[in-house]
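Hi everyone, thanks for coming. I'd like to walk you through a structure that's new to most of you, so let's get it up on the screen.

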Amino acid sequence: MRWIGKDVPRKEGKDKVTGASRYIDDITFPDMLYGVTVRSETSRGILQRTVFEEGIPWEEFTQVTCKDIPGNNYVALIETDQPYLADGKINHPLEAVLLLAHPDKYLLQEARRKVSLEVDPLPPVYDIEESLNQKEIVWGKDNVFKEYLLEKGDIDQVWEKADHIIEGEYKTGAQEQLYIETNGIVAVANPEEGVTVWGSLQCPYYVHKALMALFDLPADKIRVIQTTTGGGFGGKEEYPSMIAGHAALLAWKSGKPVKLIYDRLEDLAATTKRHPSLTRHKMALSSEGKILGMEIDFVLDGGAYATLSSVVLSRGTIHAAGPYLCENVRVRARVVATNTPPHGAFRGFGAPQSIFALERHLDKAALQLNLSKEELRRRNFIQEGQLTATGQVINEKVSLADLMTKAMEKSDFQKKKEQFHSENKKNKYIKRGIGLSSFFHGAGFTGSGEAYLESMLGMEATKEGKIRILSASTEIGQGTNTIFSQIAAEALGIEYDLIEISVPDTALVPNSGPTVASRTCMIVGKLVESAAIQVKEILRQSGFLASTYSSSEFSKACQSYLDKFSQLRVFSKYKQPTNIKWDDQTYRGDAYGAYAWAVYVAEIKIDLRTYETTVEDFVALQEVGKVIHPTLAAGQIEGGVAQGIGYGLYEKVVWDKGQMINNQMTNYIMPTSADIGKIRVFFEEAPYAHGPAGAKGIGELPLDGVAPAISSAIENAIGLDIPEIPVTPETLHEYWVSRKVNS
Amino acid sequence: MKKVDIFFTINGVKKTVSAHPMKRLLDLLREELELTGTKEGCGEGECGACSVFVEGKLVNSCLIPSLQVQGCEVKTIEGVADGEQLHRVQESFLKEGGAQCGICTPGMIMAAIALLEENSEPSYEEIQEGLAGNLCRCTGYTKIFTSVVKACQK
Ligand code: FES
Ligand code: FES
């Protein structure tokens with residue numbers, strides 16, 4: 001292959017290294033106003049009065065409340081429970097109540113501080129236990145946004161046959177996406193032309209749908225344009241609909257362009273994070289180490305509104321039993337309401353939580369059965385032809401056992417384990433350990449999601465004889481523009497430089513679906529490939545393109561075609577491969593078109609003077625189908641591993657009354673370059689029949705396996721099985737001290 | 001406080017800008033001079049996205065009041081390439097995958113250049129330490145380290 005599998009230059013790379021790329025905050029309009037959001041401090045209550053203190057020329061400010069909304073006051077997504085601006089009721093701290101705009105952004109900041117909200121408080125609910133116990137009912141009838149029951153076999157009859165029954169409880173904390181570019185939108189809106197927004201966002205058509213409802217305008221009166229986006233990781237999946245609405249409401253009322261950019265404090269405190277979780281496992285095993293049954297109770301904290309929680313829960317549920325064969329499974333999964341800002345999409349989308357619990361539980365079982373962690377997994381790996389928890393027949397060549405062997409070799413696992421064991425005895429304070437995890441991650445939307453989305457992608461020839469891809473799939477750093485160009489160039493048999501990518505602008509591109517769920521390469525990439533095949537076919541049939549051709553002949557053929565017919569544009573629409581079947585009612589069937597498979601090994605060092613844990617070496621080995629761009633793909637995994645290290649060790653959201661109180665980069669700690677040891681990435685490639693050139697998805701995968709491998713290594717180093725993350729020095733200290741007390 | 005005239009050299013060109021003396025250098029660059037390559041990630045000296053050179057030294061422009069650059073030489077990412085000819089560090093970031101979303105990249109490149117000016121052949125650990133003031137959420141730093149190593153070899 002000429003382009004697939006090659007390290008071509010990143011499409012927009014030059015602009016990024018010279019500072020020429022225009023991000024949202026780099027865009028201004030003449031006569032533009034700045035906007036800010038006035039938010040509640042109370043976590044739950046009834047809004048009585050808004051007080052505007054003296055000393056501010058309030059008449060100069062554009063003010064927007066829920067009364068100014070032309071259409072519906074909810075963020076259109078799945079449920080219609082979340083208002084754009086609170087209408088009397090407050091359900092979480094930092095809920096938006098009032099919007100202000102003014103040309104002077106310094107005065108605007110001062111004005112925001114001079115508004116106070118009088119709220120009659122209601123009793124709130126702050127965590128999963130309180131919500132499940134229905135301490136107060138804060139959402140719907142029972143605080144439950146969504147519940148799934150996933151069943152396979154008959155779990156109730158396995159307990160008496162089991163040689164071992166092992167129980168455990170696991171907790172994961174919230175995690176901030178921490179894209180380095182904060183959220184922001186610029187809006188122009190008026191009744192004549194409708195609403196146009198530019199923004200840092202992942203899913204232009206989500207915003208488009210939300211603005212249609214907010215303004216009660218038809219599709220053609222709403223236009224959403226993605227600007228260069230400085231990282232998303234899920235954090236710019238659903239939340240930009242909120243900011244876009246706010247900016248557009250201010251623009252609509254003032255008649256002027258409005259820029260609404262969050263500073264870091266606001267972005268950290270007010271926007272979505274990864275759902276905290278609580279998982280209980282009960283596992284039945286035979287004396288040979290075969291898993292006979294798994295009963296899993298999986299609960300997520302959704303925050304105050306439903307947002308995407310039901311979908312996050314779904315992915316978490318399906319991944320809860322992992323890549324292991326088990327005939328009897330019951331997963332009861334719930335996502336519940338609390339009075340905190342809503343949690344939302346974050347790379348991995350529910351799977352990192354349930355996989356953390358399962359992998360830690362398997363380590364626990366291995367210790368109890370006196371098997372190595374590796375061996376217990378080997379005895380249970382699912383294989384081709386076997387059924388997952390949802391009853392999906394694995395028809396990929398699953399190579400987990402091979403991956404395990406390779407990961408053991410690459411990390412020198414056995415030797416390291418022995419070496420650390422003997423060194424640790426001699427060293428009082430420095431303890432080293434090595435640990436592992438094995439897991440899978442489904443690519444694309446869950447179940448019937450892709451069929452329902454019917455994603456569409458366009459491709460057209462330009463006057464210059466180039467090919468332009470029309471897609472709403474956004475470049476957010478992961479390399480969409482580059483891999484789409486590679487796929488198109490390969491399928492068309494022309495130079496990579498002849499491919500252009502249209503700006504994701506809803507007025508110009510069809511809806512290729514949201515940029516989420518590790519779907520861009522596998523699902524939308526396939527549409528690129530099939531659109532390219534159509535274009536080639538049309539040019540051939542028109543007689544302008546011979547059966548063999550050079551790139552310049554191809555360009556000429558495009559130009560001749562345009563001269564004659566004025567337009568060459570094709571669309572390709574997603575068609576579910578016929579072998580994929582899913583039943584939403586019974587929650588059974590083919591949950592994902594394809595899975596990526598992985599074994600990760602972490603090597604860590606603990607200093608028992610400071611209780612700090614550092615990752616010294618990390619081996620990330622995965623099978624992801626054909627790798628389109630080795631450097632970009634490795635970059636995805638390395639970045640994901642670093643986020644996983646943060647998730648497992650550093651990134652703790654500190655809550656007080658439903659509010660994040662460490663909302664600064666100084667005290668919410670993400671890994672720096674000095675914290676990341678060597679990350680070594682290895683790919684195995686087993687081409688997937690329905691992916692472009694055989695590719696699957698990789699974006700989310702790395703987040704699933706890092707934290708459990710690290711916790712496994714901590715257990716190996718000091719014999720402490722810590723069932724929660726992040727394992728900050730404080731957490732480690734707590735467990736270490738209580739262990740000494742217990743023993 | 002009233003605006004004052006601030007004279008300084010920016011990317012080799014002498015300029016006078018009238019600005020509030022406490023305006024952050026970051027805002028002066030972005031708003032008055034339209035040099036938007038310098039980014040804001042935190043506004044409190046933690047992320048390094050706003051890194052520029054003042055008198056040849058790497059600083060966080062979000063922490064510097066404009067008045068402080070009176071009479072100084074300031075260099076931003078826009079002044080790094082020589083016309084169309086990219087700096088070897090830029091070349092290397094481009095080739096080795098050192099930039100993903102790109103928002104940390106201008107600051108990271110400034111920091112890498114500063115590192116190489118001080119130490120033309122840093123060890124892996126020295127690169128790790130040398131860039132620790134610049135946060136990147138996309139790359140896991142690995143490809144950034146490679147970019148710096150490769151730039152040294154040019
Ligand atoms: S914006 Fe200056 S250090 Fe973050
Ligand atoms: S490339 Fe995105 S933050 Fe560094």
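Okay, to start us off: how much space lies in the largest pocket? About 1200 Å³. One caution before I go on: what you're looking at is a predicted model, and that goes for everything I say today.

So who sits around that pocket? There are 50 lining residues, and the closest to the centre are A:Asp25, A:Lys105, B:Arg24, B:Asp27 and B:Glu40. So you'll want chain A and chain B both in view here. In terms of elements, chain A supplies at least two residues each from strand S1 (33-39), helix H2 (105-113), strand S12 (258-261) and helix H6 (264-270), and helix H1 (25-32) of chain B does likewise. The top contributor is H2(A), with six residues. As for the chemistry of this lining, we have 21 charged residues, 19 nonpolar and ten polar.

Now let's move to the second largest pocket, which holds about 1000 Å³ of space. It has 35 lining residues, and nearest its centre you'll find A:Ile78, A:Val311, A:Phe445, A:Gly449 and A:Tyr452. Strand S7 (144-152), helix H4 (204-215), H7 and helix H12 (449-453), which belong to chain A, give two or more residues each. H7(A) has the largest share, four residues. By class, this lining splits into 19 nonpolar, ten polar and six charged residues.

Hang on to H7(A) for a second, since there's another thing to see there. Which way does H7(A) run relative to H8(A), roughly parallel or roughly antiparallel? Helix H7 (residues 309-319) and helix H8 (residues 351-369), both in chain A, pack at about 30°, and their axes are 7 Å apart. Angles under 35 degrees count as roughly parallel, so that's what H7(A) and H8(A) are to each other. The crossing is right-handed. If you zoom in, A:Arg315, A:Gly316 and A:His319 on the H7(A) side meet A:Ala351, A:Ser354 and A:Ile355 on the H8(A) side. That contact is made of three polar residues, two nonpolar and one charged.

Let's hop over to chain B for another helix pair. Helix H2 (residues 88-96) and helix H3 (residues 105-118) of chain B pack at about 125°, with axes 10 Å apart. That angle makes H2(B) oblique to H3(B). Here too the crossing is right-handed. From H2(B) we get B:Arg88, B:Val89, B:Gln90 and B:Phe93, and they meet B:Thr105, B:Met108, B:Ile109, B:Ala112, B:Ile113 and B:Leu116 of H3(B). Sorted by class, the contact has seven nonpolar residues, two polar and one charged.

Right, on to the enclosed spaces. How many cavities of 30 Å³ or more are there? The count is seven. The largest cavity has a volume of about 610 Å³. Of its 40 lining residues, the closest to the centre are A:Gln478, A:Ser518, A:Gln636, A:Ile698 and A:Gly699. Three helices of chain A each put in at least two residues: helix H13 (480-492), helix H14 (520-541) and helix H16 (630-650). H16(A) gives the most, with four. The lining has 17 nonpolar and 17 polar residues, plus six charged ones.

The second largest cavity comes in at about 140 Å³. It's lined by 15 residues, and closest to its centre are A:Val75, A:Leu77, A:Gln82, A:Glu238 and A:Thr307. Helix H5 (residues 239-254) of chain A provides the largest share of that lining, three residues. The class split is eight nonpolar, four polar and three charged.

Last, a couple of backbone details in chain A. Which two residues does a cis peptide bond join? They are A:Ile725 and A:Pro726, with omega at about 0°. A:Pro726 sits in the loop between strand S28 (724-725) and helix H18 (729-742) of chain A. The other one is A:Ala517, with phi near 60°, a positive value in a residue other than glycine. You'll find A:Ala517 in the loop that runs between strand S19 (499-501) and H14 of chain A. And H14(A), remember, is one of the helices that supply residues to the lining of the largest cavity.

That's my tour, thanks for listening!

Terms used:
Residues numbered from 1 in each chain as written. Chains lettered and ligands numbered in written order. Predicted model: local features only at pLDDT ≥ 70, side-chain atom pairs only at ≥ 80, totals over all residues. Heavy atoms only, no water. Axes fitted to C-alpha atoms, helices over the stretch in contact; angles between N-to-C directions. Parallel < 35°, antiparallel > 145°, perpendicular 65-115°, else oblique. Left-handed = near helix turned anticlockwise from the far one by under 90°. Contact = heavy atoms within 4.5 Å. Nonpolar A, V, L, I, M, F, W, Y, C, P; charged D, E, K, R; others polar. 1 Å grid on protein atoms, 1.4 Å probe; cavity = no way out; pocket = protein on both sides within 12 Å on 5 of 7 lines; lining within 4 Å. Points joined across faces, edges and corners; volume = space filled by probe spheres on them.
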